[in-house]
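Please walk through the structure below, beginning with one helix and its packing partner, moving on to some backbone details in loops, and ending with the protein as a whole.

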Amino acid sequence: MTVRTIAVDRHATVVSVLREAAQVNGDVEAFVEPAFEGAPRRSLSFAGWDAAADGVAGYLDTLGVAKGDVVCLVLPASIDYAIIYAALLRLGAITSGINPRLGPREVASIFERTRPVLVIHDPEAAALDAPGLHLVTRAEVVAARTGSPPSRWPELSAEDPVAVVWTSGTTGIPKGAVFDHTNLAAVALGTDVLSRAGDRRLSPVPFAHVAYMTRAWDEIAHGVTTIITPTPWRAAEAIRIMSEERVTVAQGVPTQWALMLGCAELDTLDLSSLRVAGTGAARIPAAHVAEMRQRLGVAVVVRYTSTETSLGTGTTLESSDDEVATTVGRPVPGVELRIEDDQGAQVPAGQVGRVLLRSAAAMRGYWGAGPGRGKRMDQLLDPEASGAARSPEGWMNTGDFGLLTAEGNLQLVGRAHERYIRGGYNVYPSEVEEALAGHGTVARAAVIGMPDDVLGEIGVAVVVPQPGQVPDLDALRAHCAALLADYKAPDALVVVDELPLTPMMKVDPTRLAVLAQPGVDQRLARITKNR
């Protein structure tokens, strides 16, 4: 089947892009829910998506949803989520996706700030406490997919807000990044090697994540089929689906790829349809990159961005294993990169500074408070929080520290909130973690700064050992000191069976600190004993 690409400059909104896709790529599968645990395979074509969105929009219109209203979706990744999102887009409503795995405090804070006119949820996916809010179930809404559209459609423009995407909230309550149609169009121009006409892309992320919410234009315009990974995510199931669904673009965070590399299915199932494997969100060891290339038979690329910037940097199909493992490449099309010191001055290559990105894909700002109907974009935003993240010139502070290599690639060294100061020296956990990953006793490691009465802060390594190995603190310290400044070597060690992960499969800093505390206590006991 020939799949046509839809030019970005022909449309002002993602709504009209889907209308055209229903005509030119109508029979192409837009979404697939693979068969899983007895549930049959489901799929939805682009024509079917367009028609279903009309029907659901008609039903939501009868519930009073209008242009500018906020509607919260507390739903898992699914075909139903995609239909409802498309319906809200054509009504001019603002979709606030909420990961069902967020905690009650986080969800309550989102409800309080957005004051949605409607909350659509799945009682089977998560219990929901939302007093005073209008709740409807997923099943009730999607039952209207064959119904009639509204009698009148609102007038839409490229500057209309379409989505509020929430940050992970690991260091506080989530913040809501607001995006409009223009942002989504810019994303479609910057996905680079990850989008080709007719791709079948494995999607392992919740649909509330920026990796889905801001990529609708790209996926529709390129006729991309989104293969939805079932939950709970399992490595063997992901590989089976890649084979059965003839996936061309496989994506996963390093933790997921590490688990898939441990599966025999990676060598026994047919993955010949793959053309590229993508990763991001954390560093991946060079040995894993090499193994992925060898066993998958395709190039491995890494992508870096933040919720607020939506697009960032990436490596190329020709990048070396070391480049993919130690850098996040160069800015993708349409993105500018700048490294600054704490005073806002640009720093030379090789010097660590704050990572700033600028592009048309970056958020308009952070959501403020209150309902959205009848408000201009500037009235929706929190000026103080938005100003702290975005300069008047449009530079977005990613919250990351990094440096430019001699070749011009961005090398990340850590998050601003992760940096700790040991005896007056800055230490970035990711560079220590990379050093630890090269030790033969270590399978996975996370490093965190913990309070210390003498040094201010110390580094604690929380380590998952290689099978049959027993990591030793002195040996790990010597290994790190041979690769890094000696003050960056971890001061304490805790051995665990698995690292604590967030729903996005990133290391959870709050739970990591709890795991690290025994290492601090043991270090203090040793010091006290030796006095």
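In this predicted model, helix α3 is a mostly covered element, for 13 of its 13 residues are buried. The helix runs over residues 79–91, and its length can be checked against a simple expectation: at 1.5 Å a residue, 13 residues should span 18 Å, and because the C-alpha atoms at the two ends lie 19 Å apart, the expectation and the model agree. Just after α3 comes Gly92, whose phi is positive, at about 80 degrees.

What covers α3 includes a second helix, and the pair deserves a closer look. Two packed helices are described by the angle between their axes together with the distance between those axes. Here the partner is α2, residues 46–62, which packs with α3 at an angle of about 65 degrees, the axes being 8 Å apart, and the crossing of α2 and α3 is right-handed. On the side of α2 the contact is made by Trp49, Asp50, Ala52, Ala53, Asp54, Val56, Ala57, Leu60 and Asp61, while α3 contributes Ala82, Ile83, Ile84, Ala86, Ala87, Leu88, Arg90 and Leu91. Sorted by character, the residues of this contact comprise 13 nonpolar and four charged, with no polar residue among them.

From the helices we turn to the loops, where several backbone details can be found. The peptide bond that joins Thr231 and Pro232 is cis, with omega at about 0 degrees, and Pro232 is placed in the loop between β10 (225–228) and α9 (235–244). Following α9, the loop that leads to β11 (249–251) holds Arg246, a residue other than glycine that nevertheless has a positive phi, near 55 degrees. With a relative accessibility of 36%, Arg246 counts as partly exposed, because that class takes in values between the 20% limit for buried residues and the 50% limit for exposed ones.

Arg115 also has a positive phi without being a glycine, with a value near 45 degrees. Its place is the loop between α4 (104–114) and β5 (118–121). The relative accessible area of Arg115 is 51%, and since exposed means over 50%, this arginine is classed as exposed.

A residue in a strand can be followed in a similar way. Leu404 belongs to strand β19, which covers residues 396–404, and its relative accessibility of 26% makes Leu404 partly exposed. Once neighbours within four places in sequence are left aside, the contacts of Leu404 are with Leu337, Ile339, Ala349, Gly350, Asn409 and Leu410. As for Arg358, which is 46 residues away from Leu404 along the chain, the C-alpha atoms of these two residues are separated by 16 Å.

How do these pieces fit into the whole, and how many helices and strands are there in the protein? The protein contains 18 helices and 25 strands, and its C-alpha trace spans about 80 × 55 × 45 Å along the principal axes. A compact globule of 531 residues would have a radius of gyration near 24 Å, and because the protein has 23 Å, the value agrees with that expectation. Of the 531 residues, 56% are buried. Among the contacts in the protein with a separation of 6 or more, 67% are between residues 24 or more positions apart.

Technical notes. Residues numbered from 1 in each chain as written. Predicted model: local features only at pLDDT ≥ 70, side-chain atom pairs only at ≥ 80, totals over all residues. Heavy atoms only, no water. Helix = DSSP H or I, 4+ residues; strand = E, 2+ residues; numbered from the N terminus. Expected span 1.5 Å × (residues − 1). Buried < 20%, exposed > 50% of the residue type's maximum accessible area, 1.4 Å probe, protein only. Axes fitted to C-alpha atoms, helices over the stretch in contact; angles between N-to-C directions. Left-handed = near helix turned anticlockwise from the far one by under 90°. Contact = heavy atoms within 4.5 Å. Nonpolar A, V, L, I, M, F, W, Y, C, P; charged D, E, K, R; others polar. Rg over C-alpha atoms; globule rule 2.2 N^0.38 Å.
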